[in-house]
Amino acid sequence: MLNNKGYTLVELLVVITIMSLLMGAVFANYIKQQQNETLKSAAQEVVATIELARQQSLTNEIPDACTPNTSFLGSGIATAGDGKSIDIDYYCPTNFTIKSVLVSKYKYITLTPSISFYFKGLKGETSDSASHTICVSHDSLSTKYKITISSLGKIDMYGNQASCP
């Protein structure tokens, strides 16, 4: 009579295969979660930058970059054509960049479209009385964050958008 103590090679291979499949699924979900968090962080930083520009336009102070003889028109937002940065500018009447946020520090993140407008000084409204939309996307994800700025300066962020104009 044989005394079978232990596992056969086939049983071990089956267990290792099942464990490998489970680990692969867990790893894939972990990578996707990291990409989603990167996208969300980049979108939140863009919103914070836009809010800072609006707040600066509401102050009564004339920026040092503006000479006393020029009028302070407001603080502006401009996204780069390559979709990798967003700038806050003073408009008085020429532009002076005061802060540049590089979204390129977040790998695979892009801003679209390229826009430029400013918030009117002491009002917080957009200079062209129009609404603006910025899309924040990740190259590996199908979802996007949509950031809208109304003509009155209200800023909203919508996550998990399948499309963004």
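Q: What counts as a helix or a strand, and in what order do the elements of the protein chain run?
A: Helices (H or I, at least four residues) and strands (E, at least two) are DSSP runs numbered from the N terminus, and by that criterion the elements of the protein chain run α-β-β-β-β-β-β-β-β, which comes to one helix and eight strands. This is a predicted model, in which local features need pLDDT of at least 70 and side-chain atom pairs count only at pLDDT 80 or more, while totals for chains, interfaces and linings use all residues. Residues are numbered from 1 along each chain as its sequence is written, and side-chain values use heavy atoms, with hydrogens and water left out.

Q: Why is the protein chain called more spread out than a compact globule?
A: The globule rule, 2.2 Å times the number of residues to the power 0.38, gives 15 Å for 165 residues, whereas the radius of gyration of the protein chain, taken over C-alpha atoms, is 25 Å, well over that value, so the chain is more spread out than a compact globule. Along its principal axes the C-alpha trace spans about 105 × 30 × 25 Å.

Q: What makes β3 and β5 edge strands?
A: In the open sheet of four strands, with antiparallel pairing and the order β3-β2-β1-β5, β3 (95–102) and β5 (116–120) each pair on one side only.

Q: How do you know that β2 and β3 pair?
A: Two strands pair if DSSP finds at least two bridges between them, and β2 (residues 85–91) and β3 are joined in the antiparallel sense over seven bridges, so the criterion is met. Y90 has F96 in β3 as its bridge partner.
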